[in-house]
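Colleague: I would like to learn how to read the contact between two chains in a model, and then how to read a single residue. Could you take me through both?

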Amino acid sequence: MKRQKVLFLKQNYILRILKNFMFAGLFIIALLLILVHKIDLGIISGLSKTVLGITSPFMYVVTLPSQYISDAYKKTSEFFNVYEENNRLNQENQELFLLKEKLQAIETENEILKSLLHHFDTPNTQSYTALVIAENGDAFSNSFIIYLDGASQKIKTGYAVVNEQGLIGRIELVSGSYAKVGLITDISSKIPVISQKSRDRGILIGENKKELKLIFTPHLASFKKGDILVSSGIGGGIPANIPVARIQKADLDTITAIPLFNPTKIEYVKIIAYDITPSKETLEALQ
Amino acid sequence: MKTSFKKILSALGIFIVPIISILILELIFYLPRTSSFFNFMRFAPFYTGIYFWLSLRKDIFNIFSVFILGIFADVLTSKIIGINLLTFLFLYFISLKMFLYFNILHFTYSWILFTIALITSLAFKYAIISIFYQTLISFLPILFEFILISSLYPILARFYLYTEIKFIHLEERYENQ
């Protein structure tokens, strides 16, 4: 009986020690998890992929009724505005016809100059359309989930995601037919850009705000309010000359820009599968 | 044999109820929306749930429940694994310390204490993220998130209270104490 009591006391003592150090232990585990994420051993990204694969179909099914309602509303409003829309399109068509003539002349001139300089384009660029199914951000991150459909095999992490206005973000995670897109406004986003007018370079970083911050700019750079920043193509992840943001404020110490897209109005996006290694044809031509 | 197995299941069930209630609310809050405004209240079920269950049923909601919820939140956001877990553990620690010094007799006191615990936890999360990215991020979204979650607390607490009354028997509550 006596021995049993001692054993009971010992067990209780161990439990008490465990209880006292439980909080500290779990806190250390959490810190270690952050470190593992920083090192990126692939375990955590694999786990995230699985969860994305499980949750995304559920989200897609949930969005379908709202999408049908939205489509029906759009079609009805388009039906009532068809006369005004037709007039606007006729006017736009006339303007575009004039522009087309000008562009054809510039394109021919460009081709001649390229052949004179022995310049080769990087043609390894393909694009795929995807449907936006859900916003997936919180106060500390900005992202959304897209449905890739048949193109899922060809999409890789890091590819640029654009819409008709410009760059939206990059592919963060691909799981089956779904992918997670990290927006350019996210804190982890860093895009090498160049000013369309002054050709000054910089890095556009996200701050989880509507505005983006331009850093690493040259001392004598002449950025002005309203200038469009396009991707510079440095680093090889994003093709050059994709519009990214418009400069909002250009002071001596800070330069801020606003993205060209409206996150609430994105329905479809285009993924640019971009590879810096040249295609077979270019390689042959280079050889 | 059957009765003992049933007893084990019911005992386990009591521990699962708080976690399940939080996860169900979280899934509702995670439904896709067209506005980024809803992003700021995505984590409301987690913060409110952890605080509420700790204040009401410390016997069935312990540090392991917080750990499970933290891992779930991290995997769901797939951003930085460990950040939410660390924040939830911090909220757990702060809440426990608060309950040591304050005897909550009225819901309003509980709400006030929740706002203090929440702002401290969010400030802690802000600090970790700033260290991780080596830059000071904007504090305004966090402030907005704080206001939204704080104002949602009474509604969500009502749901948790309903779950507690509906799925955990009163007898078991007194038996465990």
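Modeller: The size of an interface is often given as the accessible area lost when the parts come together. In this predicted model, the area buried between chain B and chain A is about 3,700 Å², and carbon and sulfur atoms give 72% of that area.

Colleague: Which elements of chain B give two or more residues to the side that touches chain A?

Modeller: They are α3 (63-77), α4 (83-101), α5 (107-133) and α6 (140-167) of chain B, and the largest share, 8 residues, comes from α5(B). By residue type, that side of chain B divides into 29 nonpolar, 9 polar and 5 charged residues.

Colleague: How many salt bridges and how many residue pairs in polar contact are there between chain B and chain A?

Modeller: The rule finds 0 salt bridges across the interface of chain B and chain A, while the count of residue pairs in polar contact, with both residues at pLDDT 80 or more, is 1. The contact as a whole takes 43 residues from chain B and 39 residues from chain A.

Colleague: Turning to a single residue, why does Thr125(A) count as partly exposed?

Modeller: Thr125(A) counts as partly exposed because its relative accessibility is 36%, and the partly exposed class lies between under 20%, which is buried, and over 50%, which is exposed. Thr125(A) lies in strand β1 (residues 125-135) of chain A.

Colleague: Which residues does Thr125(A) touch, leaving out those up to four places away in sequence?

Modeller: Thr125(A) touches Ile272(A), Ala273(A) and Tyr274(A). As for Pro239(A), it is 114 residues from Thr125(A) in sequence, yet the two are 8.3 Å apart in space, C-alpha to C-alpha.

Terms used: Residues are numbered from 1 along each chain as its sequence is written. Chains are lettered from A and ligands numbered from 1 in the order in which they are written. This is a predicted model: local features need pLDDT of at least 70, side-chain atom pairs count only at pLDDT 80 or more; totals for chains, interfaces and linings use all residues. Side-chain values use heavy atoms; hydrogens and water are left out. Contact means heavy atoms within 4.5 Å. Buried area is the accessible area (1.4 Å probe) that two parts lose on being put together, summed over both. A salt bridge is a side-chain nitrogen of Lys or Arg within 4 Å of a carboxyl oxygen of Asp or Glu. A polar contact is a pair of N or O atoms within 3.5 Å; within protein, one must be able to donate a hydrogen and the other to accept it, and residues adjacent in sequence count only if both atoms are side-chain atoms. Helices (H or I, at least four residues) and strands (E, at least two) are DSSP runs, numbered from the N terminus. Ala, Val, Leu, Ile, Met, Phe, Trp, Tyr, Cys and Pro count as nonpolar, Asp, Glu, Lys and Arg as charged, and the others, Gly among them, as polar. Buried means under 20% relative accessible area, exposed over 50%, partly exposed in between (1.4 Å probe, protein chains only).
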